[in-house]
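Colleague: I have just opened this chain and would like to go through it slowly with you. Could we take the sheets, the core and the confidence in turn?

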Amino acid sequence: MDFSKFGKGITRRNFLKVIGAGIAASTVSKVAMAALPEIVTTEQSSTQAPLHPSTGRPYNPVVTLNGWSLPWRMNNGVKEFHLVAEPVLREIAPGMKAHLWGYNGQSPGPTIEVVEGDRVRIFVTNRLPEHTSIHWHGQPVPNGMDGVSGLTQPPIQPGKTFMYEFAAKRPGTFMYHPHADEMVQMAMGMMGSWITHPKNTKFMPVDRDFVFLLNSYDVDPGSYTPKINTMLDFNLWTFNSRAFPGIDPMVVRKNDRVRIRFGNLTMTNHPIHLHGHEFEVTGTDGGWIPATARWPEVTTDVAVGQMRAIEFIANNPGDWAFHCHKSHHTMNPMGHDVPTLIGVRQKDLVGKINNLVPDYMAMGETGMAEMSEMSSMMDVQLPENTLPMMTGTGQYGAIDMGGMFTTVKVRVGLARNDYSDPGPYKHPPGSLAKEVENDLPPVERPVMMDSNTDVEMSVRKPMGHMEH
Ligand SMILES: [Cu+2]
């Protein structure tokens, strides 16, 4: 994480210039244009420092995982934000970029943070090639501010700017996303988080407060643009449009009270699992849960369209895995159409298969863990612009994980506002699993079939062509 550079990648562009470049023949008068808040954008995909409020009511800001919060301006007591819907370039993880649609330079768009009772005005400029709208998911807004194009408003046509205005009535965790050509626009990455902080800064206080969205993409290896018609078979499972090892760790101090909020805008549910701690679900889509109504968990399932806030005391130092428990969701591309070959002796088969599939690569004979070793050794030729199935390297080797996976790093003695990666955990003596000497007979390599057995198989290459 690079907190020292907060602001460096964020550019404030004069709105007149943007309008001039984008829609030269705009009929908007200069007076009206000057009334709009300036556009703030970023090209960074790393976690940015929390945005402490300099105007308006006080609150304890969140940290957006691999994201940032949008600055605002106060205008006669109204908090004004400016979102720009536009094509963006998002690094999914080092080695892979995607052409997405998002807001203000990134997908997801910036987190919007307001305080319970705030009067909020959001200007939305559409720089997409088609119409859009924004729905403020979960918020009790006047019907005409709900952002369902056709139902509650006309769509925002390309080049046009709409204004939404409402009171942020209920504190909690919300999302924003289009309600116009949704299948396309959400598959392209148009979404963001919204936090309405409680007016009372002593209400359910935490030491560290993280937020991100669960999202997914289908980008063929070698290409850059998601396939927007995919319904279930996505190949990139992401936290805030990042796949492990591109997801930053969540760094916390020992004994911090930690909150992690996440909303699900994929097409399936995600059981989110934390190692080494018990947490409680303290917030849902509908608001905060009274302490007497909570129960302990180590995994919580998040259905499509839902938001969850979990809280725990980080009392167990270490590098703790935090991930979706669907194992296919902790994988990167190539994982889907590869046959299961555990127990098949491939040595003699490869020649035969190569007659059918010239670029077939023998793998998976003893499981797939070898993939992460191979990937990390960089001796597998991947197509351009894709990620190894599972990768990321820890202090003891390859981590065998991709996708919706990161770590919560619990450390003693961090500074109050220090979120920087402390590096790998140093295990105290006697607290690390290790190999032991033993007198068991040596294990023979288990083989379930030998090459004399006829093996019937179909091979599906990653690009989806099927050959027999
Ligand atoms: Cu999942």
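Colleague: In what order do the four strands of the open sheet with β7 and β9 stand?

Modeller: This is a predicted model, so everything I describe is computed from predicted coordinates. The pairing in this open sheet of four strands is mixed, and its edge strands, β7 (112–115) and β9 (135–137), each pair on one side only. From one strand to the next the twist averages 25°. Reading across the sheet, the order is β7-β12-β11-β9.

Colleague: Which residue of β11 is the bridge partner of H137?

Modeller: The edge strand β9 is joined to strand β11, residues 172–177, by three bridges, and the two run antiparallel. Within that pairing, the residue in β11 that partners H137 is M175.

Colleague: How many strands does the chain have?

Modeller: The chain has 468 residues, and buried residues make up 40% of them. If we look at contacts between residues at least 6 apart in sequence, 74% join residues at least 24 apart. Alongside five helices, the number of strands in the chain is 28.

Colleague: Which strand pairs with β5 in the parallel sense?

Modeller: Strand β5, residues 78–93, pairs with β4, residues 73–75, in the antiparallel sense over three bridges. Eight bridges also join β5 to β6, residues 96–103, and these two run antiparallel as well, with E91 standing opposite K97 in β6. The parallel pairing has eight bridges too, and there V84 stands opposite T125, which lies in the strand of residues 119–126, namely β8.

Colleague: Which residue takes a positive phi in the hairpin of β5 and β6?

Modeller: It helps to begin with the hairpin of β4 and β5, where N75 has V78 as its bridge partner and N76, in a hairpin with two residues between the strands, takes a positive phi near 50°. The hairpin of β5 and β6 likewise has two residues between its strands, and there a positive phi near 105° is taken by G95.

Colleague: Which strand gives the most residues to the largest nonpolar core?

Modeller: As a general matter, nonpolar side chains in soluble globular proteins tend to be buried together. Here the largest nonpolar core holds 82 residues, and those touching the most other members are L83, A85, M175, F210, M250 and F262. The strand that gives the most to this core, with seven residues, is β5.

Colleague: Why is strand β22 described as largely enclosed by the rest of the structure?

Modeller: Strand β22 covers residues 307–313, and a residue is called buried when 20 or more other C-beta atoms lie within 10 Å of its own. The strand is largely enclosed because, of its seven residues, the number that are buried is five.

Colleague: Which residue of β22 is the bridge partner of F262?

Modeller: Seven bridges join β16, residues 257–264, to β22, and the two strands run antiparallel. Leaving aside neighbours within four places in sequence, F262 is in contact with several residues, including F212, I272, V302 and M307. On β22 there is also an antiparallel pairing with β18, residues 279–284, over four bridges, in which T284 has R308 as its partner. The bridge partner of F262 in β22 is likewise R308.

Colleague: Which strands are the edges of the open sheet of five strands?

Modeller: This sheet has the order β15-β26-β23-β17-β21, and its pairing is mixed. One of its pairings is that of β15 with β26, residues 405–411, which is parallel and has four bridges, with R253 partnered by R411. Since each edge strand pairs on one side only, the edges are β15 (250–253) and β21 (299–302).

Colleague: Is Y396 buried or exposed?

Modeller: Y396 lies in the loop between β24 (391–394) and β25 (397–401). Its C-alpha is 9.7 Å from that of P424, although the two are 28 residues apart in sequence. Because Y396 has 9 C-beta neighbours inside 10 Å, it counts as exposed.

Colleague: What is the average pLDDT of the chain?

Modeller: A score of at least 70 is reached by 77% of the residues, and the average pLDDT of the chain is 85. Over residues 1–9, however, the pLDDT is below 50, and over residues 461–468 it is also below 50. Where pLDDT is low, the predicted coordinates should not be read in detail. The average for the chain, to state it once more, is 85.

Methods. Residues numbered from 1 in each chain as written. Predicted model: local features only at pLDDT ≥ 70, side-chain atom pairs only at ≥ 80, totals over all residues. Buried ≥ 20, exposed ≤ 12 C-beta atoms within 10 Å, placed from the backbone. Contact = placed C-beta atoms within 7 Å. Pairing = 2+ DSSP bridges. pLDDT = per-residue confidence, 0-100. Axes fitted to C-alpha atoms, helices over the stretch in contact; angles between N-to-C directions. Core = buried A, V, L, I, M, F, W, Y, C linked by C-beta atoms within 7 Å.
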